[in-house]
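Dear colleague,

Please find below the structure that I am handing over to you. A summary of what was found in it follows.

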Amino acid sequence: MKRGDIKAMFDPKTVALIGANEKQGAVGQALFENLLRSEKTKVFPVNPARKTVMGKECFSGIGKIGEHIDLAVIATPAKTVPAIVEDCGKAGVEGIIIISAGFKEIGEEGKGLEDEIQASQKKYGMRIVGPNCVGIIRPHVGLNSSFLSSQPEPGNIAFISQSGALGAATLDWAVNAHIGFSMFASLGSMIDVDFGDLIDFLGDDYTTRSIMLYMEGVGNAKKFMSAARGFARNKPIIIVKPGRFTESAKAALSHTGAMAGDDQVYDAAFKRVGVIRVKEFAGLFNSAAVLDSKYLPRGKRLAIITNAGGFGVMATDTLIDMGGQLARLSDKSMAELNSILPPYWSKGNPVDVLGDGDEKRYVDAMRICMGDPGVDGLLVLLTPQATTNPEDVAKAVTEIAKNSWKPVVTTWAGGATIRAGREVFYQNNIPTYETPEAAVQTYMNMYRYYRNLELLYETPSELPLDEAPPKNHLKAFIKRVIKEGRTLLSEEESKDFLRIYGIPVTTPYVAQSPEGAGIAAKRIGYPVVLKIVSPDISHKSDVGGVRVGIRSEGELREEYAQMMSSVRSHAPNAVISGISVQKMLEGIDYEVILGAKKDKDFGTVILFGMGGIGTEVFKDVSIGLPPLNETLARRLIEETKVYNILQGHRGKTPANMKQLVHLIISFSNLIVDFPEIAEMDINPIAIANGRSCAIDARIILDRAYTESASQYPHLVITPYPTRYTVQWKLSDGTAVTLRPIRPEDEPLEHDMLSSLSKETMRTRFFSIIKDITHAMLVRFCNIDYDREMAIVAEIREGDTRRIVGIGRLIIEPDFRSAEYAVLIHDAYQAKGLGYKLVDVIIGIAQDKGLEEIYGTVLTENEKMLRVARKLGFTAKRQPDGITRVQLMLK
């Protein structure tokens, strides 16, 4: 099955409009008029009821046109659409936009129509946008396949919306504000083309400098995460996603399940891939204009210069509310400010240059603040004053801002009197806003974007085989438990998993009577903790099933009786299989929670925060996406309020942060290895004398889990596949490391590509690449290891590392076949490396369960064709001097 060409679909030479008509005000009429605006596209109206439309010959069906169609736009009643899509598939159409509504949004009947459309899409491979969408507009190529009356100007912002009505309103507003677009896309129901597809497409579009998304649901989360990570390395993505307060964890069996709400998971996912989320719609445009700046703030310490104290206070409130900090000016800066400002200035940050502050006072204050090492960025505020010329001050601010690596944002508040000043900023691309709140929000978005970009280069590895814990017996245990009809593991069963992964735990003794509990308590020593053991009770403390601090046998008997009475009254039908007795850790300074749960969109996520019985009350938690390494685990801790407490609160011993980070990484490794786990809690992890220990643990298995061809079906970010790293030698004895590519390999790949001969480059890429761009290298080095694999051959020359060969495997969306390609540096050809890399690629393809791999080789490239034939590939000549080689794996 040939996959439809999404590039041809969005830059079409031929377009067919099915449902074209001349009726004024009809969707088919508006669509046809918009399509006809293009000077380079041939547009064919299709309508069996008409001979002509607007003077153009009209065809009865798409199969009657007689030309290859890049894009078909369908605007007919919903019931007719499945048959039309089938006809488009037969005609070899590359892509379809379905404007028509009346599908799953109206119920089961409409869902059935969608199912028919998807069946045809899978059968023929064409790409489909919609249904129930507004269409696609690309001003730079002259395509308007929408029925909207707005005609946006060409620009550098792409706007993608799930909501057609909201997208249309936004477009209309932007056109009036003279904001240009590289693309406007309404995705509708997203039965095929989704956010991930469009981000992938726009990553190769030189006219797009930033993407704005209105997202109601992510669609294919794994595809979105992969595409967003690649795009965000070069250009920003800004998202508005409504529904921040939706509750969806009411029936959760664990604390983690109850606290890790959908919206928090979206936040964590966006951070992990370098995406910025804004709360208000205006924030989309505010942020899109500045986030591609190379001058992003390295910290959140903001200095504020103002001629109106009240505005300075308003800016400060917003800054603190968003997690920023007022920069603390140094003694040197304060002395310098005292020398240039009147004696009655504010004596601190915000720096109030007062109502009579002129251009010079602003400039001097800016230079002092910019030179302070404790300042990361600057907000300059101005209100109209009799002695102040807003335009002159704006020009002076601009000169300083353009020559500083620290970012400057501005607020020129007022109406006509400050308009000329604002115009100065617009002309020089200096961020300027009408309110201090908007300016501060933009600054903090710039800072968060910088912080998020740091995470993009974090590529946690899977554990090498020689370091991996012995887990196969745990896999077998899970299968036995599921067969028994259980999903909730006992505390001791859960702690077995923790022990295997090196997480310190307390060891409970299970007793069946007060006498047995007393014997256990004497053995381990008082004080002890009693806990009910029951497969039917998830939160023991909620039913009075926990007793702590028991210091004698008499107290134990009394607490035992009260606990049993409480449990029986709250859960009369619960099966009680015993009482857990364990040593109570004394001197506990802090309690934290560590957990995991499967999210319906983003797979398994990890939660960390304040633990103990107040966990669900305070909800001081942060969420991360596994796998985690040291940087990501530390960031997970730092994003909670309890982090500050762990530094040593009220004289208590600080937590051993290194041990806690290691514990979280071990927990992440456990979660990565077991897709069978639906939810898991360690609550609390007690920290005493700096050291961490798991007091209680709970695992809930996923009854719906089935074996998958993917090793990590529960993760949207695949770990770095360490298992594919091998040591090898060239035929001349040179040692080579063959390993999967990493994002940080970009400089090494650039060195390799830029030193290739023209002939080697031509035989690999079928042309000479003159400009090896940063965007191109990001695409090569930042890959989703599930969808693609690139194995590099690395050698060492003294202290220098070099990449001398690359084998790449790109998997088709059906996960049945994949295309491969191999590139060997000129100096290392004819040494067996090409043969070895292709063989490694074959092994990876087999490991992923593929049915075939194929490659496209220049027919003149006899060396590569000889390697392919030697490894069992069949070769078939194609037109234009190329040969297709294919190897069946099943």
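Findings

The accessible surface of the chain comes to about 37700 Å², and carbon and sulfur atoms hold 51% of that area. Please bear in mind that this is a predicted model.

Overall form. Along its principal axes, the C-alpha trace spans about 100 × 85 × 65 Å. For 890 residues, a compact globule would be expected to have a radius of gyration near 29 Å, and the value of 32 Å found for the chain agrees with this. The secondary structure consists of 29 helices and 38 strands. Of the 890 residues, 58% count as buried. Among contacts with a separation of 6 or more, 70% join residues that are 24 or more positions apart.

Charge. The chain carries 106 positive and 108 negative side chains. The centres of these two sets lie 3 Å apart.

Nonpolar cores. The largest nonpolar core has 62 residues, of which Leu213 and Phe224 touch the most other members. Helix H7, residues 221-232, gives the most to this core, with six residues. Leaving aside neighbours within four places in sequence, Phe224 is in contact with Phe195, Gly196, Ile199, Leu213, Met215, Val218, Ile239 and Phe270. A second, separate core comprises 54 residues, including Leu730, Ala790, Leu823 and Ile853.

Helix H18. This helix covers residues 491-500, and its buried residues include Glu491, Glu493, Ser494, Lys495, Phe497 and Leu498. An α-helix has 3.6 residues a turn, so residues three or four places apart point the same way. Glycine 502 follows H18 and has a positive phi, near 75 degrees.

Isoleucine 340. Does this residue count as buried or partly exposed? Its relative accessibility is 29%, and because buried means under 20% and exposed over 50%, isoleucine 340 counts as partly exposed. Isoleucine 340 is found in helix H12, which covers residues 331-340. Not counting residues up to four places away in sequence, isoleucine 340 touches Arg361, Asp364, Ala365 and Ile368. Glutamate 391 lies 51 residues from isoleucine 340 along the chain, and the C-alpha atoms of the two are separated by 22 Å.

Yours sincerely

Methods. Residues are numbered from 1 along each chain as its sequence is written. This is a predicted model: local features need pLDDT of at least 70, side-chain atom pairs count only at pLDDT 80 or more; totals for chains, interfaces and linings use all residues. Side-chain values use heavy atoms; hydrogens and water are left out. Helices (H or I, at least four residues) and strands (E, at least two) are DSSP runs, numbered from the N terminus. The radius of gyration is taken over C-alpha atoms; the globule rule is 2.2 Å times the number of residues to the power 0.38. Buried means under 20% relative accessible area, exposed over 50%, partly exposed in between (1.4 Å probe, protein chains only). Contact means heavy atoms within 4.5 Å. Accessible areas come from the Shrake-Rupley method with a 1.4 Å probe; for residues, only the protein chains shown count as cover. Lys and Arg count as positive and Asp and Glu as negative; His and the chain ends are not counted. The place of a charge is taken as NZ of Lys, CZ of Arg, CG of Asp or CD of Glu. A nonpolar core is a set of buried Ala, Val, Leu, Ile, Met, Phe, Trp, Tyr and Cys residues joined through side-chain atoms within 4.5 Å.
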